[in-house]
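How is the interior of a protein chain filled, and where does it leave open space? The paragraphs below take these topics in turn, together with the pairing of charged side chains.

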Amino acid sequence: MPPIAVIDFETTGISPGQGARATEVAIVLLENGQVVDRFQSLMKTVAWIPPFITQLTGITNAMVAAAPAAAGVMQDAARFVGDAPMVAHNAAFDSKFWQAELALAGLPAPQPFACTVLLSRRLYPQAPSHKLGTLVDYHGLPRTGQAHRALADAEMAAALLARMQHDLRTRWGVPEPGHALLMALQRCARPAVGKLLAQHGAGG
């Protein structure tokens with residue numbers, strides 16, 4: 001299967017529509033369940049990081065002041081991703097920042113996003129919650145680095161995605177659980193998940 005780019009942003013707030021900007025981006029390229037490359041950078045903008053965000057992420061205003069300019073980081077990130085489709089844990093959040101930061105850098109953002117939150121609700125409705133850390137612990141996956149830093153969260157989201165693809169192959173008999181199937185699965189109502197997966201299974 002072609003590679004999938006798993007992304008995570010740290011930001012100054014919830015929404016770029018409210019003036020929030022990215023402070024850090026990390027992207028993990030996942031191919032056939034294995035990490036094949038990584039990209040990570042802090043990024044400098046004019047936005048101020050509130051103290052509670054610094055307490056959550058450990059990213060300070062001084063750190064981003066010394067970082068590369070956001071436009072250059074996003075240009076590098078776009079080159080790194082290329083035409084790979086994307087995945088994020090809570091993609092509604094990360095896709096907005098991907099689109100907004102690329103727009104500020106004068107670049108398009110054509111990549112489709114799949115969401116491991118939505119996918120986990122379809123595949124693992126019995127999980128205690130669908131937060132990233134909870135799902136990582138639920139599946140016995142390794143915790144990588146400090147939570148609420150972009151690379152650690154992107155690595156954990158990639159590990160969760162790899163587990164989902166493994167389970168789609170072994171439990172549901174889907175030979176090629178690629179990005180298009182993930183997109184269809186996350187849009188599928190939960191009662192119809194079994195039927196969708198049966199259509200894509202080894203006998204489908």
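The account that follows concerns a predicted model, and it moves from the nonpolar interior to the open spaces and then to the salt bridges.

The largest nonpolar core is a convenient place to begin: it has 34 residues, and those with the most contacts inside it are V6, L123, L161, L168, L182, L185 and L197. Strands β1 and β2 each supply at least two residues of this core, as do the helices α5 (116–123), α6, α7, α8 (179–187) and α9 (193–200). The largest share, 10 residues, comes from α7. L161 gives a local view of the packing, since residues up to four places away in sequence are not counted and its contacts then are I4, V6, L30, V87, T116 and L182. Apart from this core lies another, of 27 residues, which includes I7, A88, A91 and W98.

Two kinds of space can be followed next, one open and one enclosed. The largest pocket has a volume of about 700 Å³, and of the 24 residues that line the pocket, D8, E10, H89, H148 and D153 are the closest to its centre. Its lining draws at least two residues from each of β1 (4–11), α1 (51–57), α4 (91–104), α6 and α7, so that β1, α6 and α7 are elements to which the reader can return after tracing the largest core, where each of them also supplies at least two residues. By residue type, the pocket lining divides into 10 nonpolar, 8 polar and 6 charged residues.

As for enclosed space, a search of the whole structure finds 1 cavity of 30 Å³ or more, and about 30 Å³ of space lies in the largest cavity. Its lining is formed by M1, P2, I4, L30, N32, G33 and Q165, a set that divides into 4 nonpolar and 3 polar residues, with no charged residue. I4 and L30, both named in this lining, are also among the residues that L161 touches.

The charged side chains complete the picture. Side chains of opposite charge can pair when their charged atoms come close, and with a limit of 4 Å between nitrogen and carboxyl oxygen the count comes to 7 salt bridges. One of them joins the side chains of R149 and E24, with an N to O distance of 2.9 Å. This pair links distant parts of the chain, R149 lying in the loop between α6 (132–138) and α7 (150–170) and E24 in strand β2 (residues 22–31), 125 residues apart. E24 counts as buried, because its relative accessibility is 2%.

Another salt bridge, between D76 and R79, has an N to O distance of 2.3 Å. Here the partners are separated by about one helical turn, because they are 3 residues apart in helix α3 (residues 70–81). With a relative accessible area of 34%, D76 is partly exposed, while R79, at 60%, is exposed.

In a further salt bridge, R143 pairs with D137, the closest N and O atoms being 3.0 Å apart. R143 is partly exposed, with a relative accessible area of 45%, and D137 is likewise partly exposed, with 46%. Elsewhere, R163, D167 and R171 are joined into one network by salt bridges that share partners.

Methods:
Residues are numbered from 1 along each chain as its sequence is written. This is a predicted model: local features need pLDDT of at least 70, side-chain atom pairs count only at pLDDT 80 or more; totals for chains, interfaces and linings use all residues. Side-chain values use heavy atoms; hydrogens and water are left out. Helices (H or I, at least four residues) and strands (E, at least two) are DSSP runs, numbered from the N terminus. Buried means under 20% relative accessible area, exposed over 50%, partly exposed in between (1.4 Å probe, protein chains only). On a 1 Å grid over the protein atoms alone, a cavity is a set of points where a 1.4 Å probe fits but cannot get out, and a pocket is an open set with protein on both sides within 12 Å along at least five of seven lines; lining residues have an atom within 4 Å of a point. Grid points are joined across faces, edges and corners, and a volume is the space filled by probe spheres set on the points. Ala, Val, Leu, Ile, Met, Phe, Trp, Tyr, Cys and Pro count as nonpolar, Asp, Glu, Lys and Arg as charged, and the others, Gly among them, as polar. A nonpolar core is a set of buried Ala, Val, Leu, Ile, Met, Phe, Trp, Tyr and Cys residues joined through side-chain atoms within 4.5 Å. Contact means heavy atoms within 4.5 Å.
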